[in-house]
Protein chains: 4
Amino acid sequence: MKPVIAYLGLGGMGMPMAKRFLDAGYPTTVWNRSPDKAAALASSGARIALSPADAVAGADFVFTMVADDHALDDIVLGDQGLLGAMQPGAMHVSMSTILPGTSRRLAVAHGERGTTYVAAPVFGRPEAAGAGMLWICLSGASGDQDRLIPLLTHLCRQHYNIGSDPGAANVLKLAGNFMIASAIEAMSEAFVFGEKNGLDQKDLVEFFGGTIFSCPIYQNYGRFIATQNFEPAGFRLALARKDLHLVAETARTSNVPMPFLTTLINRFTARVAKGGGELDWTSIAIDVANDAGLEK
Amino acid sequence: MKPVIAYLGLGGMGMPMAKRFLDAGYPTTVWNRSPDKAAALASSGARIALSPADAVAGADFVFTMVADDHALDDIVLGDQGLLGAMQPGAMHVSMSTILPGTSRRLAVAHGERGTTYVAAPVFGRPEAAGAGMLWICLSGASGDQDRLIPLLTHLCRQHYNIGSDPGAANVLKLAGNFMIASAIEAMSEAFVFGEKNGLDQKDLVEFFGGTIFSCPIYQNYGRFIATQNFEPAGFRLALARKDLHLVAETARTSNVPMPFLTTLINRFTARVAKGGGELDWTSIAIDVANDAGLEK
Amino acid sequence: MKPVIAYLGLGGMGMPMAKRFLDAGYPTTVWNRSPDKAAALASSGARIALSPADAVAGADFVFTMVADDHALDDIVLGDQGLLGAMQPGAMHVSMSTILPGTSRRLAVAHGERGTTYVAAPVFGRPEAAGAGMLWICLSGASGDQDRLIPLLTHLCRQHYNIGSDPGAANVLKLAGNFMIASAIEAMSEAFVFGEKNGLDQKDLVEFFGGTIFSCPIYQNYGRFIATQNFEPAGFRLALARKDLHLVAETARTSNVPMPFLTTLINRFTARVAKGGGELDWTSIAIDVANDAGLEK
Amino acid sequence: MKPVIAYLGLGGMGMPMAKRFLDAGYPTTVWNRSPDKAAALASSGARIALSPADAVAGADFVFTMVADDHALDDIVLGDQGLLGAMQPGAMHVSMSTILPGTSRRLAVAHGERGTTYVAAPVFGRPEAAGAGMLWICLSGASGDQDRLIPLLTHLCRQHYNIGSDPGAANVLKLAGNFMIASAIEAMSEAFVFGEKNGLDQKDLVEFFGGTIFSCPIYQNYGRFIATQNFEPAGFRLALARKDLHLVAETARTSNVPMPFLTTLINRFTARVAKGGGELDWTSIAIDVANDAGLEK
């Protein structure tokens, strides 16, 4: 008999994941803060819950994918939160990009109530989520990870065990988003440098994406930058900025100077200040170009 | 009949390239400022020249691979320089990492004497040069590029036409070295961030090198960083710093603000100031770690 | 009849201010988290309180000077906090360096209880506090400011009305600490630049302090830097770093990119990571010098 | 009998200095690349020279004040240059902001011809030059400095002996321009931070200029920033940018990482790229404000 799933948080990433579970035939309950999104899944067979607590009743695995630490705390610990409403032995699979400390805190809270917690942040854009081609990194008790893995095969092309510290996968996810943002800035600067010295940005993408930087981030994001293709946003800049601030907060508490990070924070802040927070995060390329006197 | 080759500049990159031409049976004359390096190729059949002018006499293709613009100017324009000593129609293939303006200037000088100039900077470390697995980007007259390509197959896995402006390939090469240095700094920051928050740096390399950053730069340089493997230098930091200053000089004349670049320049300067210029350029990871209070 | 004063928080700055009120003959109650500091004022005639609530009973003016927003919240809103224990019409004069939002929030809380709140952060080091030579900036209702000013004459050489928004003076204080830290970094870089090019750092201080930068910050802090005089700390680096993070937090919420600020945050973080948080904040000059290969 | 003076370079700073010598009754010859500026001084009694060599014939003191190292080299070493045309024992007083190495090189060249060289860069804006209220720092042989000082009393309120190394005063001048630019950026960031959090920029200038930053740079430049008063330029941004690149070049050769400097270089580069190089250098405040979403 298939395990029962609850999926909470149906944004750009959560929606296609919930749908994949439904398509694979799992009994799935969904919940979203704005209920219209949940309703859209009813035709796919989802049970629509009225609250997080309602959603998790009877579930074996509870996935959450929300915007930030605050929203997660609300869903878990708030009025009608899921903590305490889950059945004994059920697992909370937390996919949001959050502070490592939040995972550590929630893992303790779950432990006290006989439920478990695994951090499972993901890499990949909405299309990858819809195709089950994400990369997922896991942290938490290894027995819990083992139980979870059969489900993950519906979502990802690969999963990685980052360790038993519940916050470990969140550390890695934050490090990764920082590295991606760094690659975006580095490409933006290099491409504008190229353009102002006679090259075509598209030739730079083609060359580097085919040689020393032949990997998804440089190939895909490089193309977005060179073609000024920032809408619709695969990852909204305002949300990415939030993540960079999570890196900064974690760097602050662990005493790590990160000059590339702080440069990025200024860059993302400028974009938001100028009203561009709804574009894709690659749109910092606009400001890199404008600062060099190019109209983009 | 095979064309006659002259190879000038037998450092870590030039030596294996000259050797590949010799091994492929091309009549090859070599020259190096410190003559002992040239002598080492005599047993492979190289003719040893006493000066650049001597080296290029009778050559169809003259390759140069030297440390900087100044050294190249010396070899080309100096006393006993190659300019004017090349036979009409011969081609100067300039592989050094230099200012675009230097290429443009030398192309004009060659044109006035009936010889030609192609910029052909390379990507790859000494091992790749020895294995004929470099990537080479070319700029100059397309007819000249066409004549050159058969020879390049001995050196590279792929070559790219960047355009007819003789400086174009140098622009791309500078952009590339900047992007690599940016990736080194980004990884260094991310890995120290990970380590100070409980992760093993090697796990970060493995995860990112196997997923979103599955490309040579992140895989290879990531491993050097995570294992603190900085000797022998594949690319000496002091030389890399020189390249970053070429980027800065080109950014200055073309009015491109580049905050990542300037962060890197401070980083590389500190490394040299502390006496670490002979290590590999990935060794900036030492300072990133030290700044976070880690002993490395 | 002199108004009754309560002074809470007897650190390096609070202690001399409380003492000045006692010396001027005001009936003064003092409280400090670690009680030994308060006890030291008993011989000067201070009443020693056991809690914030105890301290403020009967007081007309309640001064607080504590390490951070959290400590202030604790003193005001915590168990045995001062809010609600103050007599109607009494004024809370908040001198700590805190978030503007904290002042705005506390002003509302006071208003709901019939007491008032004025933000009154100060500029000056402990010696200036002891000599009544601080500069104080005020924000809050102008009537409240007027009532407070006669008392301030014992503490400061000048006071400024920054406006009626309770957080305004905190904004200015944060801006000021950022500007001072910027001056410290700028001098540190300039002096190391001078030293490595043959000048004596002391000559730089003397020249600039006597000409275009003839003001306290450059004269005093310049001397600390040039003579490597970082102990005892007039302002502990760890505490200054906390203030820079308050600036960063306020810049984040108001969308202000501040590249000098973020450079400073990396600098201060490195100092703390290396174990130097107890020195004066001018000690970032050590790292500026070390990064340039100078032993300091 | 009054010594004979030659003044070469009649820009915004040189013109008022030459005029002061004429007004004080010194026999003065002037020269400027564009001759109309020189002609304007004929009515004040100046002899108009046709070339640098012509200008310095018979002069005891030769002042030069030109835009950059290249222009100075041209005037001194070029065709019709002053070197060799000066009478034995005459002194070249070099007031331009140039590389220390240029001064060292020119001092040697003068020494070989029996003439002397003193570096004498100045601090102050055109109004201060016209009022004889500059600050002048001197480096070179102390005997030469002593001979020069009586003349300087017509130009400056104070002069300082920075040492016998001819480049020393240039090092100090570069350090100073860097510190001023840092103060401009720090104020710009602080004032925008204040404005976006409810303060008036003019109140910030008044407070800080009257207290901890009570010195000309913060008072005058602070007012320019707060009132957006960038024309006419007291010091053109494009020229200031040139100076920052001289600092960067000197920092490069002496291995000094300077993160504030590199931030400034990006800032000034952006201003020029956007077409704002003719405004005063305080106009970087426009970009600081724009980056925060403020229209200025």
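Q: What percentage of the 296 residues of chain A count as buried?
A: The model is a predicted one. Burial here requires 20 or more other C-beta atoms within 10 Å of a residue's own. Of the 296 residues of chain A, the share that meets this is 60%.

Q: What radius of gyration does chain A have, against what a compact globule would have?
A: For 296 residues, a compact globule would have a radius of gyration near 19 Å. The C-alpha trace of chain A spans about 65 × 45 × 35 Å along its principal axes. The value for chain A agrees with that of the globule, being 20 Å.

Q: Among contacts in chain A between residues at least 6 apart in sequence, what percentage join residues at least 24 apart?
A: Chain A is built from 13 helices and 9 strands. Among its contacts between residues at least 6 apart in sequence, those joining residues at least 24 apart make up 63%.

Q: Which element gives the most to the side of chain B that touches chain A?
A: The contact takes 55 residues from chain A and 56 residues from chain B. Elements of chain B that each supply at least two residues include β8 (134-139), β9 (156-163) and α8 (168-196). The residues on this side of chain B divide into 37 nonpolar, 13 polar and 6 charged. The most, 19 residues, comes from α8(B).

Q: As by what kind of axis are chain D and chain A related?
A: Chain D superposes on chain A with an RMSD of 0.0 Å after a rotation of 180° and 0.0 Å of shift along the axis. The two copies are therefore related as by a two-fold rotation axis.

Terms used:
Residues are numbered from 1 along each chain as its sequence is written. Chains are lettered from A and ligands numbered from 1 in the order in which they are written. This is a predicted model: local features need pLDDT of at least 70, side-chain atom pairs count only at pLDDT 80 or more; totals for chains, interfaces and linings use all residues. Copies are superposed by least squares on the C-alpha atoms of residues with pLDDT of at least 70 in both. Helices (H or I, at least four residues) and strands (E, at least two) are DSSP runs, numbered from the N terminus. The radius of gyration is taken over C-alpha atoms; the globule rule is 2.2 Å times the number of residues to the power 0.38. A residue is buried if 20 or more other C-beta atoms lie within 10 Å of its own, exposed if 12 or fewer, and partly exposed in between; C-beta atoms are placed from the backbone. Two residues are in contact if their C-beta atoms, placed from the backbone, lie within 7 Å. Ala, Val, Leu, Ile, Met, Phe, Trp, Tyr, Cys and Pro count as nonpolar, Asp, Glu, Lys and Arg as charged, and the others, Gly among them, as polar.
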